[in-house]
Amino acid sequence: LRDAISRYHGMRFLRQDPWECLVSFICSSASNIPRITRNIEAMCTAFGRPLELDGLKRHTFPSPDDLAGAGSDALRQLGLGYRAEYVASTAETVAGGKVDLMPLREDTYEDALETLISLAGVGDKVANCVLLFSLDKPQAFPVDVWIERALQDWYLKGTKMSRKNMRPWASSHFGAYAGYANQYLFHDRRLKGRKATA
């Protein structure tokens with residue numbers, strides 16, 4: 001971690017709108033960046049509000065009401081696949097007022113995590129991404145394949161540990177700002193992985 005911080009000193013967290021962040025990470029499940037980008041762009045174009053600036057036309061991110069009204073069939077036609085059900089269900093929950101995302105910034109990490117994982121398509125990894133990148137929880141520690149490899153190679157040294165147990169381990173090891181450690185490890189490991197396969 002010390003080496004990664006030295007190499008990439010000054011990295012920052014994105015502090016995204018919680019609704020946009022949540023839907024984006026639901027779309028990220030078993031996907032890749034180009035496909036996620038296409039999914040988000042397609043939802044914005046189909047259901048967002050059009051904007052224009054200096055001849056450039058874009059669309060806002062659709063609201064919970066917009067996506068709840070669209071329904072899973074329309075979302076599936078945009079290429080979301082099985083994620084369409086999750087996005088539509090979560091949109092209905094948020095639009096219906098059963099979950100209010102913005103106040104989760106004031107909740108404890110544990111309470112906010114519990115609320116998020118109650119939503120369709122949101123497991124521990126997606127919830128921790130949303131907590132870290134939109135809900136002001138710097139102790140959040142999402143575990144994906146890159147983080148799993150980094151922890152196994154650099155910290156666990158052959159000790160087998162499930163992803164489910166890696167997050168509590170990392171939270172204890174890295175402390176209240178585990179999310180910062182996560183981002184440095186993620187970035188470092190991804191770049192090293194690219195060099196190894198190039």
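This short talk goes through helix packing and the nonpolar cores of the structure above.

Please keep in mind that this is a predicted model, in which local features need pLDDT of at least 70 and side-chain atom pairs count only at pLDDT 80 or more, while totals for chains, interfaces and linings use all residues. Residues are numbered from 1 along each chain as its sequence is written, and side-chain values use heavy atoms, with hydrogens and water left out.

Let me begin with α2 and α3, where helices are DSSP runs of H or I with at least four residues, numbered from the N terminus. Helix α2, residues 18-27, packs on α3 at an angle of about 130°, the axes being 9 Å apart; axes here are lines fitted to C-alpha atoms over the stretch in contact, and angles run from 0 to 180 degrees between N-to-C directions. That makes α2 oblique to α3, a word used for whatever remains once angles under 35 degrees are called roughly parallel, over 145 roughly antiparallel and 65 to 115 roughly perpendicular. Val 23, Ser 24 and Cys 27 of α2 make the contact with Ile 36, Asn 39, Ile 40 and Met 43 of α3, contact meaning heavy atoms within 4.5 Å.

Turning to the next pair, helix α3 (residues 33-47) and helix α4 (residues 64-80) pack at about 135°, with 10 Å between their axes, and are therefore oblique to each other as well. On the α3 side the contact residues include Asn 39, Ala 42 and Met 43, and on the α4 side they include Leu 67, Ala 70 and Leu 78.

Now to the interior. The largest nonpolar core has 39 residues, and those with the most contacts inside it are Trp 19, Met 43, Val 87 and Leu 116; such a core is a set of buried Ala, Val, Leu, Ile, Met, Phe, Trp, Tyr and Cys residues joined through side-chain atoms within 4.5 Å, with buried meaning under 20% relative accessible area, exposed over 50% and partly exposed in between, for a 1.4 Å probe and protein chains only. Two or more residues each come from α2, α3, α4, α5 (83-95), α6 (109-117) and α7 (124-134). Beyond its neighbours within four places in sequence, Leu 116 is in contact with Leu 101, Leu 104, Val 122, Ala 127, Val 130, Leu 131 and Leu 135. A second, separate core of 12 residues includes Phe 141, Ile 147, Ala 181 and Leu 185.

Finally, Trp 146 lies in helix α8, residues 145-156, and counts as partly exposed because its relative accessibility is 21%.
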